Amino acid sequence: MTRKLICGPMATISHPAFRILVEEFGGCDEYFNEMINAGSLLNDGPFERFYIDPYPVPEKIVWQLTGHDCEKMVLAAQRLIELPGIGLDINMGCSAPDVYKTGAGIGWMLRPVEESREMISELGKLIKSYNQENPDSQKRYSVKLRLGDEDFTEKSFFSFCDMLVENGVKLLTLHPRTKKEKLTRPPRYQYCQALCERYKGSGVKIYLNGNVKDENSLKQALQACPDADGIMISRASVQKPWIFSKISSAFEKKIEVDMEKVCYDYISNIEKFQPKEFYKTRLQRFFTYFCMNFQFAHYVQTKFVNAAEKGNEELRKEIGAFFDKCPDERIKIL
């Protein structure tokens, strides 16, 4: 079975500069964009054009949409399906309080199901109509979700998934945790497998998401969910942008990485593809994860993140000083 490898949607990370980096190591099959807020997109804010830049692989982009209002979700979707890419994904999995308390993200799984069905149905009609009018440019309709609230039941979860599928959703990406379960708790991959079995032969695909970060964790995930159509990796891909290439070679391929060059190139690409107002947050988030590759990870992380607070040139100076002091960290064979 050939499984797709997917780079998950991450705020402040899933933009052109990061996709360029992953592509340099061989890339992956699909890139989910960081979630786009329907209201902000419709208001034509000054930064929205940066969120919908599909560079460098427009053919691999999946546009993830979030919001709490059905009408705005439909209007925003009308814009997104006109862009290059694989299709449209609805975020029903974000469990950040400032998101779900507005009714967005996992909030769609917590509200009365009739409201969620209305939104999913209207978007399904929109995408179906688009595909009928554009036979050479078909767009996929997908949803990323969790198990639900802490009191979820298997009956309620599978019933919700059935509602999605009945209204045209062709792909479910499941992060098999509840709203409050933290990343330290093992994902319940058995629910991913249950979805695979439930929709077998229907044309509905299932992607597994959560905690895949190396060879051992991948094996554990696939032991529990051997029928997954794809593996979505998020945070681990920031620390190890080469992880998709490693998986593709069954972890047999050795990769030589010039860590210093990666650092400098990433800053340059942030400057090229992001507005100045975004430099600090994008760079701090990236180096928080990427610095975990170094021997004194916490020390380097603190140095780089603090330098980014002062500006890109200070960050470049700190990077240069680190590699001058620790030349053995410059080239890594992974």
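## Helix H14

Let's start with a helix in this predicted model. Helix H14 covers residues 279–290, which makes 12 residues. At 1.5 Å a residue, H14 should span 16 Å, and its end C-alpha atoms are indeed 16 Å apart, so the expected and computed values agree.

Which residues of H14 are buried? They are Tyr279, Arg282, Leu283, Gln284, Phe286, Phe287 and Phe290. Several other helices help to cover these buried residues, including H1 (16–24), H3 (48–51), H11 (235–239), H13 (259–273), H15 (297–310) and H16 (312–325).

## A cavity lined by H1 and H13

Two of those covering helices, H1 and H13, turn up again here: each supplies at least two residues of the lining of the largest cavity. The count of cavities of 30 Å³ or more comes to one, and the largest cavity has a volume of about 40 Å³.

Its lining is made up of Ala17, Ile20, Leu21, Glu24, Val262, Asp265, Tyr266 and Asn269. How many of the lining residues are nonpolar, polar and charged? The lining divides into five nonpolar residues, one polar and two charged.

## Cysteines without disulfides

A disulfide is a covalent bond between the sulfur atoms of two cysteines. How many disulfides does a search of the whole structure find? The search finds zero. Cys7 is in no disulfide, and the nearest cysteine sulfur, that of Cys28, lies 5.2 Å away. Cys7 counts as buried because its relative accessibility is 2%.

Cys192 is in no disulfide either; its nearest cysteine sulfur belongs to Cys225, 5.1 Å away. With 0% relative accessibility, Cys192 counts as buried.

Notes. Residues numbered from 1 in each chain as written. Predicted model: local features only at pLDDT ≥ 70, side-chain atom pairs only at ≥ 80, totals over all residues. Heavy atoms only, no water. Disulfide = S-S within 2.5 Å. Buried < 20%, exposed > 50% of the residue type's maximum accessible area, 1.4 Å probe, protein only. Helix = DSSP H or I, 4+ residues; strand = E, 2+ residues; numbered from the N terminus. Expected span 1.5 Å × (residues − 1). Contact = heavy atoms within 4.5 Å. 1 Å grid on protein atoms, 1.4 Å probe; cavity = no way out; pocket = protein on both sides within 12 Å on 5 of 7 lines; lining within 4 Å. Points joined across faces, edges and corners; volume = space filled by probe spheres on them. Nonpolar A, V, L, I, M, F, W, Y, C, P; charged D, E, K, R; others polar.
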